[in-house]
Amino acid sequence: MQVDINRRLSALVFAFAFEMQRRLDENNHKGATYRNLSARQLLNRLKEEVRELERVVTKKAGVHNSKRKQFAVDNEAADVANFACFIAEMFGSGGKEVSDD
């Protein structure tokens, strides 16, 4: 797949990519340990992050649209996306041009 680097990102994608990077920066002290994990281990971590996102989204306490809840949802959704990105990177994606071979 060839990526058109001149194409502009939608505001939603750009903002979410910023959240993903913010979470990576916050967890930078842990090191790039994901590169030492197998595909199965990354999938298990992804599932854990999805469960965390589900808990935050379905939490009944508090105001549903509060800033605090929004921040928690942003954090967990970015964590999910980051683990999905790590898996894609493992199989040759991650912004590189990938052939269909």
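A residue counts as exposed when its relative accessible area is over 50%, and as buried when that area is under 20%. The views below show a predicted model.

**View 1. Leu9 and a nonpolar patch on the surface.** Leu9 has a relative accessible area of 53%, so this residue is exposed. In the sequence, Leu9 lies in the segment before helix H1, which covers residues 11–26. Together with Val13 and Phe14, Leu9 forms a nonpolar surface patch. The accessible area of these three residues together is about 320 Å².

**View 2. The overall fold.** The protein has 3 helices and 0 strands. Read along the sequence, the pattern is α-α-α. Of the 101 residues in the protein, 22% are buried.

**View 3. The largest nonpolar core.** Nine residues are listed for this view: Tyr34, Leu42, Leu46, Leu53, Ala77, Val80, Phe83, Phe86 and Ile87. Helix H2 and helix H3 (67–90) each supply at least two residues of the core. Helix H3 gives the most, with 5 residues. In soluble globular proteins, nonpolar side chains tend to be buried together.

**View 4. Phe86, a core residue in helix H3.** Is Phe86 buried or exposed? Its relative accessible area is 10%, so Phe86 is buried. Phe86 and Leu43 are 43 residues apart in sequence, while their C-alpha atoms are 9.7 Å apart in space.

**View 5. A salt bridge within helix H1.** The side chains of Arg22 and Glu19 meet in a salt bridge, with 2.6 Å from N to O. Both residues lie in helix H1 and are 3 residues apart, which is about one turn of the helix. Arg22 counts as buried because its relative accessibility is 17%. Glu19 is also buried, with a relative accessible area of 18%.

**View 6. A salt bridge between helices H1 and H3.** Asp79 and Arg23 form a salt bridge through their side chains, at 2.9 Å from N to O. Asp79 lies in helix H3 and Arg23 in helix H1, so the pair ties together parts that are 56 residues apart in sequence. Asp79 and Arg23 are both buried. Side chains of opposite charge can pair when their charged atoms come close.

**View 7. A salt bridge between a loop and helix H3.** The side chains of Glu89 and Arg35 meet in a salt bridge of 3.3 Å, N to O. Glu89 lies in helix H3 and Arg35 in the loop between H1 and H2, so this pair ties together parts that are 54 residues apart in sequence. Glu89 is partly exposed, at 27% relative accessibility. Arg35 is exposed, with a relative accessible area of 54%.

**View 8. A network of salt bridges.** Which residues are joined into one network by salt bridges that share partners? They are Glu19, Arg22, Arg23, Glu26 and Asp79. The count of salt bridges in the protein comes to 7.

**View 9. A positive patch on the surface.** Arg40, Lys47, Arg51 and Arg55 form this patch. Arg51 is found in helix H2, which covers residues 39–58. With 43% relative accessibility, Arg51 counts as partly exposed.

**View 10. Asp74 in helix H3.** Asp74 has a relative accessible area of 26%, so this residue is partly exposed. Asp74 and Val56 are 18 residues apart along the chain, and their C-alpha atoms are separated by 9.9 Å.

Key:
Residues numbered from 1 in each chain as written. Predicted model: local features only at pLDDT ≥ 70, side-chain atom pairs only at ≥ 80, totals over all residues. Heavy atoms only, no water. Patch = residues over 30% accessible without salt bridge, like charges linked within 9 Å, V, L, I, M, F, W, Y side chains within 5 Å. Areas by Shrake-Rupley, 256 points an atom, 1.4 Å probe, with all protein chains shown as cover. Salt bridge = Lys/Arg side-chain N within 4 Å of Asp/Glu carboxyl O. Lys, Arg positive; Asp, Glu negative; His and termini not counted. Charge placed at Lys NZ, Arg CZ, Asp CG, Glu CD. Helix = DSSP H or I, 4+ residues; strand = E, 2+ residues; numbered from the N terminus. Buried < 20%, exposed > 50% of the residue type's maximum accessible area, 1.4 Å probe, protein only. Core = buried A, V, L, I, M, F, W, Y, C linked by side-chain atoms within 4.5 Å.
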